[in-house]
Amino acid sequence: MGALSQKHMLGLEYVPKADIELILDTAFSFREVLDRPVKKVPTLQGKTIVNLFFESSTRTRLSFELAEKRLSADSINFSASSSSLSKGESLRDTIQNIEAMKMDLVIIRHNTPGSAHQLSNYVDAVVINAGDGTHEHPTQALLDLMSIKEKFGHIDGLKVAIIGDIAHSRVALSNIYGLRTMGAEVTICGPPTFIPPFIEDLGVTVSYNLDEVLHGQDVVNVLRIQQERMQSALIPSLREYRALYGITLERLNSLKHELTIMHPGPLNRGVEIDSEVADSEHSIILHQVLNGVAVRMALLYLLLGGKEQKGESNA
C-alpha cells in the first residue's frame, strides 16, 4: 500500500482524489479480513489509540473501537464527564497530559466546529475527526463512498441526492466534498430553512421538491433532522416534513427506475424514512455499518502503519 498525503484526517475538503481512492482500496482489503473466521490481524500491535468522545455516539464509537481491536491496537476510552475537565482543567492540558503517556493516535468527536483541527495543534499524535459540530464527519462520508462503490463499481458520473437537514449535518458537508472529488453529481434537497446560504458554491444543485429530485437520481442519502443542534424550530411539524420530504414506499413505487437508499443513522422511522423503505431491497444501510469498520481500519492502518512517510499537512 502507498501512503496518504495527509498526516491527519480532519475533513475531506482538501483531501485529494488519490488519497480517497487509496483509503477505499485499503478498506475493501480489510473487508475481506472482516469476512474471515478469525477477524483479527496484528497490524497495529503496540500502537496506542485514544477515543475522545465529548458527544453521545453509538455507531461511530463502536465502529472505531472494533476497528482498533481488529488491528490489535491498544485502546483508551476517555470520558469527559469523569475526567479532570469536570474539575475545570482545559481541554489542551487534558490532551497534553494524555499524550505524555505516549499515545500514537487520537480520535475526537466534539460539538465545536474546528475542534479536531485545534487538537492537531496541541499534540504530535495523529488526529482523526469523528465529527466536529456541524462542520465535518469525514469517516462517515468515506464509508458512504465505499458503500456506493461497492454497489455500483464506480462513483464517477453517478447522480447522488442528499435529502434533509443539510444546514446542521456534518455528514452532508463531508459527503459533498467527497462525492464531488470522486466525480459524482450532487443534488441537495430539503426545506429552505434546512439549506445553507451559498451552498451552490460547492458545486451542488439545490432543489426544494423531493418528488422532482427522486426521478433523476441513482442514490439518495437520507439525513435525519438534527434537532439537538437547532436553536429554534425550523419546520412547522414532523408530520408536514414527512409529507413533503419523507422517503416513503409510495414515493419509491412511483419511480420508473431502481433507487439506492442510504442513511448515516440513527434512523427516525416514520419521519425522514419509512420502515418499509429502510428494510427493503433498495436499502444498503446495513452495508454502510459494516463498511464503516473497514474504512476506519483502513484509516488507522494508513495513518499509523506508514506514519514515518506521511507529510505534515492537515486535511
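Trainee: Leaving aside its neighbours within four places in sequence, which residues is L105 in contact with?
Mentor: Good place to start, and keep in mind that this is a predicted model. Here a contact means heavy atoms within 4.5 Å. With neighbours within four places in sequence left aside, the contacts of L105 are T48, I49, V50, A125, V126, I128, L300, L303 and L304.

Trainee: Which residues touch the most other members of the largest nonpolar core?
Mentor: In soluble globular proteins, nonpolar side chains tend to be buried together. The largest nonpolar core here has 63 residues. Those that touch the most other members are L105, I107, I128, I162, L179, I188 and L300.

Trainee: Which helix gives the most to this core?
Mentor: The core draws at least three residues from each of domain 1 (17-137 + 289-308) and domain 2 (138-285). As for helices, the one that gives the most, with 10 residues, is α11 (residues 285-305).

Trainee: How many residues are in the other core?
Mentor: That core lies apart from the largest one. Among its members are F194, I247, L259 and I285. Its residue count is 23.

Trainee: Why do the buried residues of α4 line one face of the helix?
Mentor: Helix α4 covers residues 115-122, and its buried residues are S115, A116, L119 and S120. They pack against β1 (48-53), α3 (91-99), β3 (105-110) and β4 (126-132). Seen down the helix axis, the buried residues line one face because they fall within an arc of 145°.

Trainee: Is the pair of F30 and Y301 stacked or edge-to-face?
Mentor: The structure holds 3 aromatic pairs. A pair of aromatic rings is described by the distance of the centres and the angle of the planes. For F30 and Y301 the centres are 5.8 Å apart and the planes are at 70°. An angle over 60 degrees is what counts, so this pair is edge-to-face.

Trainee: How many residues apart in sequence are the parts that this pair of F30 and Y301 ties together?
Mentor: F30 lies in helix α1 (residues 17-34), while Y301 lies in helix α11. The pair therefore ties together parts whose separation in sequence is 271 residues.

Trainee: Does F30 count as buried or exposed?
Mentor: Buried means under 20% relative accessible area. F30 has a relative accessibility of 10%. Its partner Y301, at 25%, counts as partly exposed. F30 therefore counts as buried.

Trainee: What is the angle between the planes of F194 and Y241?
Mentor: These two residues form an aromatic pair with 6.1 Å from centre to centre. F194 sits in the loop between β6 (185-189) and β7 (205-207), and Y241 in helix α8 (residues 238-245), 47 residues apart. Both F194 and Y241 are buried. The pair is tilted, and the angle between its planes is 55°.

Trainee: Which residues form one aromatic cluster?
Mentor: We have just met two of its members, F194 and Y241. Add one further residue, and the cluster is F194, Y241 and Y245.

Trainee: Which residue lies over the face of F64?
Mentor: Look at the ring of F64 and find what sits 5.0 Å from the ring centre. The residue over that face is R296.

Trainee: Where is the place of S72?
Mentor: S72 has a positive phi of about 70° although it is not a glycine. With a relative accessible area of 17%, S72 is buried. Its place is in the loop between α2 (59-70) and β2 (74-79).

Trainee: Is F198 buried or exposed?
Mentor: F198 also has a positive phi, near 65°, and is a residue other than glycine. The place of F198 is in the loop between β6 and β7. Exposed means over 50% relative accessible area. With a value of 65%, F198 is therefore exposed.

Trainee: What separates the C-alpha atoms of T205 and T187?
Mentor: T205 is found in strand β7, and is partly exposed with a relative accessible area of 47%. Leaving aside neighbours within four places in sequence, T205 is in contact with V186, T187 and I188. T205 and T187 are 18 residues apart along the chain, and their C-alpha atoms are separated by 4.5 Å.

Methods: Residues are numbered from 1 along each chain as its sequence is written. This is a predicted model: local features need pLDDT of at least 70, side-chain atom pairs count only at pLDDT 80 or more; totals for chains, interfaces and linings use all residues. Side-chain values use heavy atoms; hydrogens and water are left out. Buried means under 20% relative accessible area, exposed over 50%, partly exposed in between (1.4 Å probe, protein chains only). Helices (H or I, at least four residues) and strands (E, at least two) are DSSP runs, numbered from the N terminus. The arc is that of the directions from the helix axis to the C-beta atoms. A nonpolar core is a set of buried Ala, Val, Leu, Ile, Met, Phe, Trp, Tyr and Cys residues joined through side-chain atoms within 4.5 Å. Domain bounds come from an automatic or database domain assignment. Rings of Phe, Tyr and Trp (its six-membered ring) pair if their centres lie within 6.5 Å; planes under 30 degrees apart count as stacked, over 60 as edge-to-face and the rest as tilted. A charge sits over a ring if NZ of Lys or CZ of Arg is within 6 Å of the ring centre and within 35 degrees of the ring normal.
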